[in-house]
Amino acid sequence: MPAEPRCRGVSEAPNVTTSATAIEIPSPKSFQPNGASEEVLRCEIEELKQKDLALDQEIAQLLSEGYSLEELDKHISLLHEYNEIKDAGQMLLGKLAVIRGVTTKQLYPEYDLELSD
């Protein structure tokens, strides 16, 4: 049986360096009627297997550092809540700025906010 073709961009062992690793999931490719589509699908499957392995390694690393799955879920939930509240605050500042005819940036000192907030 001939050797399977190497997929571009797929490494044998993913390098997970931080717990904030962003994983991009590609959109499905369109079907190609020739024999290349099977090769493309094999490559996509291999890429997904590598991403799955990288996520498993990241989870194992966090667990070895003493984090529990429940704690991680709680942090994620709190981050979502924080972002929703921050978005609402930004929206209100934007509306207030429009009403006053100023920029949002000009309102920050009035409410003791840092530009990085």
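Me: Which residues make the nonpolar surface patch of about 250 Å²?
Reply: This is a predicted model. One member of the patch, Leu-69, is found in helix α2, which spans residues 69–100. Leu-69 has a relative accessible area of 46%, so it is partly exposed. The patch is made by Ile-59, Leu-63 and Leu-69.

Me: Is Leu-69 buried or partly exposed?
Reply: Buried would need under 20% relative accessible area, and exposed over 50%. Leu-69 has 46%. Leu-69 is therefore partly exposed.

Me: How many salt bridges does the structure hold?
Reply: Glu-38 and Arg-42 meet in a salt bridge through their side chains. Glu-110 forms a salt bridge with Arg-100. The structure's total is 2.

Me: Where do Glu-38 and Arg-42 both lie?
Reply: Their salt bridge has an N to O distance of 2.6 Å. The two residues are 4 apart, about one turn of the helix. Both lie in helix α1, residues 36–64.

Me: Are Glu-38 and Arg-42 buried or partly exposed?
Reply: The partly exposed class runs between the 20% and 50% cut-offs. Glu-38 has 45% relative accessibility, so it falls in that class. Arg-42, at 39%, counts as partly exposed.

Me: What is the distance between the closest N and O atoms of Glu-110 and Arg-100?
Reply: Glu-110 forms a salt bridge with Arg-100. The pair links distant parts of the chain, 10 residues apart: Glu-110 is in the segment after α3, and Arg-100 is in helix α2. Glu-110 is partly exposed at 45% relative accessible area, and Arg-100 is partly exposed at 41%. The closest N and O atoms are 2.6 Å apart.

Me: Which residue other than glycine has a positive phi near 55 degrees?
Reply: The residue is found in the segment after α3 (104–107). Its relative accessible area is 70%, so it is exposed. The residue is Asp-112.

Me: Among the elements of the protein chain, which has the highest mean pLDDT?
Reply: The chain as a whole has a mean pLDDT of 79, and 68% of its residues reach 70 or more. Among the elements, the lowest mean is 91, in α1. The highest is 94, and it belongs to α2.

Me: Over which residues is the pLDDT below 50?
Reply: pLDDT is the predictor's confidence in each residue, so a value below 50 marks low confidence on a scale from 0 to 100. Beyond near neighbours in sequence, the stretch has 22 contacts in the model. The stretch covers residues 10–21.

Definitions and conventions: Residues numbered from 1 in each chain as written. Predicted model: local features only at pLDDT ≥ 70, side-chain atom pairs only at ≥ 80, totals over all residues. Heavy atoms only, no water. Patch = residues over 30% accessible without salt bridge, like charges linked within 9 Å, V, L, I, M, F, W, Y side chains within 5 Å. Areas by Shrake-Rupley, 256 points an atom, 1.4 Å probe, with all protein chains shown as cover. Salt bridge = Lys/Arg side-chain N within 4 Å of Asp/Glu carboxyl O. Buried < 20%, exposed > 50% of the residue type's maximum accessible area, 1.4 Å probe, protein only. Contact = heavy atoms within 4.5 Å.
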